[in-house]
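Please load the model in your viewer and keep a selection box ready, since each stop below begins with something to pick out.

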Amino acid sequence: MITEDYIAMDSSTQTFQPRVMSIKLWPPSQSTRFMLVERIIKNLTTPSIFSRKYGLLSKEEAEEDAKQVEDMAFVTANQHFEKEPDGDGSSAVQIYAKESSRLMLDILKRGPRVKEDGEVLISEKSTTRGTVFDISGGRRAFIDAEEAEVLLEPLKDPGNLFTKICFSNRSFGLDAARVAEPILFSIKDRLTEVDLSDFIAGRSEGDALEVMNIFSAALEGCDLRYLDLSNNAMGEKGVRAFGLLLRSQKNLEELYLMNDGISEEAARAVRELIPSTDKLRILQFHNNMTGDEGAISISEIVKSSPALEDFRCSSTRVGSEGGVALAEAIGTCTRLKKLDLRDNMFGVEAGVALSKSISSFPGLTEIYLSYLNLEDEGAEALANALKDSAPSLEVLEVAGNDITAKGAVSIAACVATKQFLSKLYLAENELKDDGVILIGKALQDGHGQLSEVDFSTNSIRRAGARFVAQILVQKPGFKLLNINANYISEEGIDEVKEIFKNSPNMLGSLDENDPDGEDYDEDAEENGDHDDELESKLKGLDIKQEE
């Protein structure tokens with residue numbers, strides 16, 4: 001059985017890598033960090049008193065949460081250590097262990113997240129014990145006043161200890177909202193987390209706006225750290241319908257406004273209504289129609305969020321002007337650990353602007369820059385900036401940016417310095433064999449944590465496929481190489497499969513490969529001319545690894 005005492009970790013049992021000339025306990029070695037992640041995963045997936053109350057996490061979700069817990073604990077402890085660099089690191093170790101335990105306990109009490117299809121890993125219709133009240137389980141459905149009375153009954157208990165409510169996946173009409181109104185008003189003073197994502201689906205605009213107004217008025221004045229209003233197609237009218245609630249929030253740490261129809265006007269409304277974002281750590285605007293002007297409003301929010309650690313503004317129709325504004329604003333967020341700007345129309349100028357902010361993020365661990373029209377110039381600027389910053393980077397994604405072998409030189413130099421890199425995604429570019437081999441060579445030494453690499457749709461042929469396969473198959477924790485949708489000859493396919501014969505699951509599907517595709521030269525493949533040419537180009541290549 002897992003208890004809080006059990007969760008607390010004994011830091012004296014951990015092995016830390018000594019520094020040259022003096023014995024210090026900080027920073028921990030990568031193997032120690034990996035060991036802690038594995039231990040957290042085990043705790044999160046082991047049936048316990050917490051899982052009986054809140055639900056048992058899946059292995060996949062536990063792995064994701066465990067990595068985030070360790071990352072956050074490491075950054076917190078490292079910040080402490082940097083303030084007393086002459087110490088032996090013992091206090092940093094204690095903070096690392098205590099913070100990991102605290103965050104892990106929070107996840108156990110939170111329980112499994114709701115999946116996109118609305119299903120969760122708990123069987124109860126609602127979670128009504130502990131501090132979390134959740135009615136999101138099961139299929140999406142309309143609820144009427146009668147059902148609302150039944151579902152929300154536990155909230156009326158004066159002895160309840162609920163601090164988090166989740167009404168996601170249930171569509172409230174006016175009658176149901178009026179049932180909820182006095183109940184929410186009665187408990188709002190102790191609420192710290194509110195999830196109202198996807199709670200008006202299928203309602204008419206008039207009814208939806210009135211429901212939002214009712215909930216907003218009922219919750220006005222509650223002191224929240226977490227607020228999720230995603231998947232409600234709010235637009236400006238919806239944002240302003242939540243005006244009473246938003247205006248009263250001064251201590252938000254997490255704000256989610258994904259898939260909400262956040263237009264230019266709606267983004268401006270968000271900026272106007274929230275009085276303070278000083279404590280905001282997570283801000284997510286995924287899948288909106290924000291555009292450049294909206295991005296400028298969002299950039300003002302970002303500038304006022306010095307504690308921001310996780311910023312997502314993906315698929316928001318932002319072009320060059322808005323991209324530059326966001327890039328400049330992001331530069332003020334020195335605590336940033338995760339940045340996701342995928343699927344926008346930034347272009348080279350915004351890419352270069354973002355590169356100038358990269359050095360501000362020493363704790364960056366994940367960066368997602370796919371489908372931004374960066375081209376070689378933008379990709380090179382970003383790779384060069386990342387090379388000299390973000391030493392703990394684990395995820396680098398720059399797919400779909402028209403990057404060629406020219407841009408691969410800078411990417412290879414960057415990747416060579418990232419020894420904690422776990423996932424590298426470069427799909428849908430124009431790297432060809434030359435670029436792929438350059439990057440493969442950069443991964444040759446070290447990179448023991450590397451688990452996934454995606455070079456799909458890059459016009460790769462036999463030489464490039466064979467080279468990266470030979471490099472990656474040797475990595476101890478490697479899980480998946482994707483080289484699908486390329487121009488690899490039948491002989492090349494056979495060679496790659498032979499390389500992975502002892503671990504076939506590490507090689508992704510090749511069903512979209514086209515051996516007769518563009519630039520395929522059977523004679524060159526047979527004679528090895530292409531390989532010889534590449535070897536010649538690579539002889540002088542020296543990508544230095546950071547010590």
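Throughout this tour, a residue is called buried when its relative accessible area is under 20%, exposed when that area is over 50%, and partly exposed in between, with a 1.4 Å probe and protein chains only. The model is a predicted one, in which local features need pLDDT of at least 70 and side-chain atom pairs count only at pLDDT 80 or more, while totals for chains, interfaces and linings use all residues. Residues are numbered from 1 along each chain as its sequence is written, and side-chain values use heavy atoms, with hydrogens and water left out.

**The whole protein**

Begin with everything selected and coloured by secondary structure: there are 22 helices and 15 strands, where helices (H or I, at least four residues) and strands (E, at least two) are DSSP runs numbered from the N terminus. Of the 547 residues in the protein, 56% are buried. If contact is taken as heavy atoms within 4.5 Å, then among contacts between residues at least 6 apart in sequence, 84% join residues at least 24 apart.

**The nonpolar cores**

A nonpolar core is a set of buried Ala, Val, Leu, Ile, Met, Phe, Trp, Tyr and Cys residues joined through side-chain atoms within 4.5 Å. Select F167, F311, F455 and L481, which touch the most other members of the largest such core, a set of 128 residues. Helix α9 (residues 205–219) supplies the largest share of this core, namely eight residues. Now centre on F455 and show its neighbours: leaving aside residues up to four places away in sequence, F455 touches L426, L431, V436, I439, I460, V468, L481, N482, I483 and N486. A second core, separate from the largest one, has 21 residues, among them L36, L57, A92 and M104.

**Helix α2 and L105**

Select residues 30–45, which form helix α2; the 16 residues should span 22 Å at 1.5 Å a residue, and the end C-alpha atoms are 23 Å apart, which agrees. The expected span used here is 1.5 Å times one less than the number of residues in the helix. The buried residues in α2 are Q30, T32, R33, L36, V37, I40, I41, N43 and L44. Next add L105, which lies in helix α5 (residues 90–110) and counts as buried because its relative accessibility is 11%. The C-alpha atoms of L105 and L44 are separated by 8.9 Å, although these residues are 61 apart along the chain.

**Helix α13 and its cover**

Move to helix α13 (residues 291–303), whose 13 residues should span 18 Å and whose end C-alpha atoms are 18 Å apart, in agreement. Here G291, G294, A295, S297, I298, S299, I301 and V302 are buried. Which elements cover these buried residues of α13? They include α12 (264–273), β8 (282–284), β9 (310–312) and α14 (320–330).

**Strand β10 at K338**

K338 lies in strand β10 (residues 338–340) and is partly exposed, with a relative accessible area of 24%. Not counting residues up to four places away in sequence, K338 touches E309, D310, F311, L364, E366 and Y368. A distance label between the C-alpha atoms of K338 and Y368, which are 30 residues apart along the chain, should read 8.3 Å.

**Loop residues**

Select N169, in the loop between β3 (164–166) and β4 (170–172). Its phi is near 75°, a positive value in a residue other than glycine, and N169 counts as buried at 5% relative accessibility. For context, most residues other than glycine have a negative phi. E428, in the loop between β13 (423–425) and α18 (432–442), also has a positive phi, of about 55°, but E428 counts as partly exposed at 41% relative accessibility. Finish the loops at N513, between α20 (490–499) and α21 (522–527), which is buried at 13% relative accessibility.

**The largest cavity**

A cavity is a set of points, on a 1 Å grid over the protein atoms alone, where a 1.4 Å probe fits but cannot get out, and lining residues have an atom within 4 Å of a point. Grid points are joined across faces, edges and corners, and a volume is the space filled by probe spheres set on the points. The largest cavity holds about 70 Å³ of space. To see its lining, select L369, L374, A379, L382, A383, L386, L396, V398, I411 and C414. The elements giving two or more residues to this lining are α16 (375–387) and α17 (405–416), and α16 provides the largest share, four residues.

Methods. 1 Å grid on protein atoms, 1.4 Å probe; cavity = no way out; pocket = protein on both sides within 12 Å on 5 of 7 lines; lining within 4 Å.
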